[in-house]
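Q: I should like to learn how to read the features of a protein model, one at a time. Where should we begin?

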Amino acid sequence: MILFSEAYEIVMGNCLVADTEFVSFADSLNRVLAEDVRADRDIPPFNRAAVDGYACRRSDLDKTLAVKGLIKAGEAPLFKIEEGECCKIMTGAIVPEGADFVFMVEDSQEAEPGKVRYTGKTPKNNISFRGEDIRQGDIVLKKGRIIRPQDIAVLASVGHVIVEVSCKPLVGVISTGDELVEPDEKPEPAEIRNSNAWQLLAQAERAGGKPKYYGIAPDDEDVTYEMVSGAIAENDIVILTGGVSMGDYDFVQDVLKRAGVKILFDKVRVQPGKPTTFGTHQGGVVFALPGNPVSCFVQFEVLVKPFMYKMCGADWKPAVHPMKLAAKYERKSAERAAWVPVRITDDFRAEPVEYHGSAHITAMPYANGLLFMEPGQKIIEKDETVMVRFI
Ligand code: AMP
Ligand code: MG
């Protein structure tokens, strides 16, 4: 049995590298940028009025100024500002030649028809100068970014309409177990609904993957082998759930070996998720996660998700924040490390969700973070600061 940190290193050390493809910037949300994006022009592209007001010479601020005309946004000025002159100007318009100051409408007073005076006190020029934010050719978005709405604004503003992104990792998902029926079926008394596959498909999608569902493998080695081989051939990552413990029907590891998977670990000193299994084959990797829904969820978050982001070249890090523990937490055994699901309280403390073991599926919707406990660490006192990893 290896430490969780060792399992993590093995997983990350066997990462794949995603191909890249080109997509429209409008479809690039949540994709991983696979190129540096540069500005095609200075930003701002001209000296721009930052307020609605009057453009003039700073040295004329104490004079009554003749209003020469008006420049609206989107219009090139047709005149220069000379001494004793100003012009009306709208936010976003080009500051005309000769002017080095814009004062707000609120800081002006009409002296006589066609003439205004500056009445303001601040010496702020209200001009955004050409290239002040970005110079043409500068990198505006770095390779590895997970594209967010504000990045799409940048892509739009520099006209980068076709974007190179990493291909989405193909993720095949298989459930195992004769006791499972699909959510739209009515379970017999000894049956339960398959929740893990649907949870995993959603997790894989959220982590930027392209999930494909292969169904429930029955507790039959040959059928499971056929399904696993099919999924392995079609995906970068195959995730199985269930069938990795010590039960008589837990033969997933054997099936994986038969399918040409080299198993790199099959037990981790972590709770929940001890039977977590990871292996590689020529075309990709396989994670065989525990059948218990909480274990399955957690191990995806802490192993599969970082793998997927690394595969895409993303500069992703889990969001981890220090928080005080809302109440003392004690676990029964500290033999393994633990990922404890916690809820963030209204006063921003971490509170372990009440959860009766790794099958307690209805506890998880209340968890918005995980806290890590090292092997040997049994108690965390109230008000102790813990690092909470957001999920
Ligand atoms: P196993 O590792 O196959 O023995 O499964 C461990 C526990 O998780 C058993 O109680 C299973 O019924 C349950 N389980 C396995 N797969 C799923 C699944 N896809 N959805 C919900 N529960 C599952
Ligand atoms: Mg099973």
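Q: How many residues of β22 are buried?

A: The model is a predicted one, and burial is read from relative accessible area, with under 20% counting as buried. Strand β22 is mostly covered, since by that cut-off six of its six residues are buried.

Q: Which strands pair with β22, and in which sense does each run?

A: The sense of a pair is read separately for each neighbour. β18 and β22 run parallel and are joined by five bridges; within this pairing, I239 stands opposite F287 of β22. Strand β21, residues 277-281, is also joined to β22 by five bridges, but these two run antiparallel. Here G279 has V286 in β22 as its bridge partner. β21 and β22 form a hairpin, with two residues between them.

Q: Is H281 buried or exposed, and what does it contact?

A: The position in the chain comes first, then accessibility, then contacts. H281 lies in strand β21. Its relative accessibility is 14%, so H281 counts as buried. Apart from neighbours within four places in sequence, H281 is in contact with I232, G260, V261 and V286. Of these, V286 is also the bridge partner of G279.

Q: Which residues touch the most other members of the largest nonpolar core?

A: The general idea is that in soluble globular proteins nonpolar side chains tend to be buried together. In this model the largest nonpolar core has 43 residues, and those touching the most other members are V11, I237, I239, F287, L289, F300 and F307. Two or more residues come from each of α1 (4-13), β14 (170-176), α3 (196-206), β18 (237-241), β20 (268-271), β22 (284-289) and α6 (293-311). The greatest contribution is that of α6, with 12 residues. At least three residues of this core come from each of domain 1 (4-17 + 167-311) and domain 4 (320-390).

Q: What does F287 touch?

A: Residues up to four places away in sequence are set aside. F287 then touches V11, I237, V238, I239, L240, T277, F278, L303, V304 and F307. Among these, I239 is the residue opposite F287 in the pairing of β18 with β22. There is also a second, separate core of 17 residues, whose members include I174, L240, F251 and V252.

Q: How should the helix α6 be read, and where does it bend?

A: A helix may be judged by its span, its bend and its burial. α6 has 19 residues and reaches 25 Å from its first C-alpha to its last, close to the 27 Å expected at 1.5 Å a residue. At F300, α6 bends by about 40°. Because 18 of its 19 residues are buried, α6 is largely enclosed by the rest of the structure. Just after α6, G313 adopts a positive phi of about 75°.

Q: What does the domain assignment of the protein chain give?

A: The assignment gives four segments of interpretation, some of them discontinuous in sequence: domain 1 (4-17 + 167-311), domain 2 (20-38 + 139-166), domain 3 (48-128) and domain 4 (320-390). Taken over C-alpha atoms, the centres of domain 1 and domain 3 are 66 Å apart.

Q: Why is strand β7 described as largely enclosed, and which strands pair with it?

A: Burial and pairing are again read in turn. Four of the five residues of β7 (residues 85-89) are buried, so this strand is largely enclosed by the rest of the structure. β5 (residues 53-56) runs antiparallel to β7, with three bridges between them, and A55 stands opposite C87. β6 (residues 64-71) pairs with β7 in the parallel sense over four bridges, and I71 has I89 as its bridge partner.

Q: Where are the cis peptide bonds described here?

A: Such a bond is recognised from omega. One joins I43 and P44, with omega about -10°; P44 is in the loop between β3 (37-38) and β4 (48-49). Another joins Q271 and P272, with omega about 0°, and P272 is in the loop between β20 and β21.

Q: Are N126 and D383 buried or partly exposed?

A: Both are read from backbone angle, place and accessibility. N126, although not a glycine, has a positive phi of about 55°. N126 lies in the loop between β10 (115-118) and β11 (127-128) and is buried, with a relative accessible area of 11%. D383, also a residue other than glycine, has a positive phi near 75°. D383 lies in the loop between β28 (379-380) and β29 (385-390) and is partly exposed, at 35% relative accessible area.

Notes: Residues numbered from 1 in each chain as written. Chains lettered and ligands numbered in written order. Predicted model: local features only at pLDDT ≥ 70, side-chain atom pairs only at ≥ 80, totals over all residues. Heavy atoms only, no water. Domains from an automatic or database assignment. Core = buried A, V, L, I, M, F, W, Y, C linked by side-chain atoms within 4.5 Å. Buried < 20%, exposed > 50% of the residue type's maximum accessible area, 1.4 Å probe, protein only. Contact = heavy atoms within 4.5 Å. Expected span 1.5 Å × (residues − 1). Bend = angle between axes of the 7 residues up to and from the residue. Pairing = 2+ DSSP bridges.
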